Amino acid sequence: MKSFRNSGKYGGLIILTIWSFIVIFPLWIMVINSFKDRLSIYQNPFGFPEKWNFINYTSVLGDRNFLVYFKNSIVAVVLSLVLLLIAGGMASYALANLCCKISHIIYFFFIAGMMLPIKIASIRILELIRYLGLINTVWSLIPVYTAMGIPIAVFILTAFIRQIPHELTEAGIIDGANRFRIFTRIIVPLLRPALAATAIYNLVPFWNDLWFPLINITDDRSKTLLLGVTRLFGQYQTDWSRVLAVLTLSAILVILLYLMMSKQFIKGLTAGAVKG
């Protein structure tokens with residue numbers, strides 16, 4: 001029995017090692033090639049650069065357009081996450097406290113959104129964005145991203161809120177607090193791990209999204225970072241050095257945020273998966 005457990009332990013370590021290599025290898029190629037010139041990338045794509053070339057980063061950071069793209073991406077993602085956490089938290093609080101068949105129907109309606117990709121409604125979404133007068137602006141991405149993240153937010157947060165003892169809510173009611181005050185003063189502080197998990201889970205698809213910026217935005221001043229990278233792709237040649245430099249800078253923010261919030265992320269996902 002002990003040998004079986006040890007073999008299972010080592011088997012898990014081997015699988016995790018292989019998986020880590022699969023994940024890290026593309027990042028390694030992206031980072032080291034961002035310090036090479038175009039010819040060196042083709043000559044030696046997997047090794048260290050013979051001469052570290054920082055011109056790619058200085059040219060990208062010195063390009064005013066890319067700074068605008070970076071700002072647009074941050075605005076769209078941050079505001080979308082804020083609205084997502086507010087709307088998802090309040091909806092989850094309501095669904096977790098309503099004990100009726102309608103609440104279960106609404107909950108499963110939200111969960112169904114996890115199985116249906118939002119891209120299948122791209123034409124209708126474009127019509128709605130145009131009707132709202134948000135076309136060709138970075139603001140057109142915020143309602144789309146918020147709606148895209150609501151299902152997973154409700155799934156995680158509802159399961160987490162259901163684990164909070166009802167005695168805390170009852171104590172707030174006895175003290176004369178209304179539902180909104182109970183939510184903001186009691187529930188939200190306890191929701192921090194789940195909110196962090198929801199934010200990081202949605203941060204990656206929001207930040208890396210190219211589909212909706214490509215559909216909604218043609219104005220160069222409102223483009224996001226990944227949409228702006230397409231400027232570097234030419235018909236006959238592509239400046240891969242600058243492309244990889246931009247992608248490396250783009251990945252740094254997501255990686256740093258995940259490393260800073262990894263404990264909260266794992267704790268929130270675990271709590272949301274235990275019960276629900």
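**Cavities and nonpolar cores in a predicted model**

Tyr93, Ala96, Asn97, Ile161, Arg162, Ile164, Pro165, His166, Thr169 and Ile187 form the lining of the largest cavity. The elements that contribute two or more residues to this lining are H4, H7 and H8, and H4 gives the most, with 3 residues. The structure is a predicted model, and the volume computed for this cavity is about 70 Å³. Sorted by class, its lining comprises 6 nonpolar, 3 polar and 1 charged residues.

A search of the whole structure returns 2 cavities of 30 Å³ or more. The second largest cavity holds about 40 Å³ of space. Its lining consists of Ser73, Ala76, Val77, Tyr145, Phe206, Trp207, Asp209, Pro213 and Thr224. Here H4 and H10 are the elements that supply two or more residues, and the largest share, 3 residues, comes from H4. By class, this second lining divides into 6 nonpolar, 2 polar and 1 charged residues.

The description now turns to the nonpolar cores. In soluble globular proteins, nonpolar side chains tend to be buried together. In this model, the largest nonpolar core contains 34 residues, and Phe66 and Val246 have the most contacts inside it. At least two residues of this core come from each of helix H3 (55–62), helix H4 (64–97), helix H5 (101–112), helix H6 (122–131), helix H7 (141–162), helix H10 (192–207), helix H12 (225–229) and helix H13 (240–274). The largest share, 7 residues, is supplied by H4. Helix H4 thus recurs in this account: it also gives 3 residues to the lining of the largest cavity and 3 residues to that of the second largest.

The surroundings of Val246 can be given residue by residue. When its neighbours within four places in sequence are set aside, Val246 is in contact with Val60, Phe66, Leu225, Val229 and Leu232. Another core, of 14 residues, lies apart from the largest one, and its members include Leu157, Ile187, Leu191 and Leu195. Of these, Ile187 also appears in the lining of the largest cavity.

Helix H8, already met as a contributor to the lining of the largest cavity, spans residues 166–174 and contains Ala171. Is Ala171 buried, exposed or partly exposed? Its relative accessibility is 35%, and Ala171 therefore counts as partly exposed. Between Ala171 and Ile182 the separation is 11 residues in sequence and 9.4 Å in space, taken from C-alpha to C-alpha.

Key
Residues numbered from 1 in each chain as written. Predicted model: local features only at pLDDT ≥ 70, side-chain atom pairs only at ≥ 80, totals over all residues. Heavy atoms only, no water. Helix = DSSP H or I, 4+ residues; strand = E, 2+ residues; numbered from the N terminus. Buried < 20%, exposed > 50% of the residue type's maximum accessible area, 1.4 Å probe, protein only. Core = buried A, V, L, I, M, F, W, Y, C linked by side-chain atoms within 4.5 Å. Contact = heavy atoms within 4.5 Å. 1 Å grid on protein atoms, 1.4 Å probe; cavity = no way out; pocket = protein on both sides within 12 Å on 5 of 7 lines; lining within 4 Å. Points joined across faces, edges and corners; volume = space filled by probe spheres on them. Nonpolar A, V, L, I, M, F, W, Y, C, P; charged D, E, K, R; others polar.
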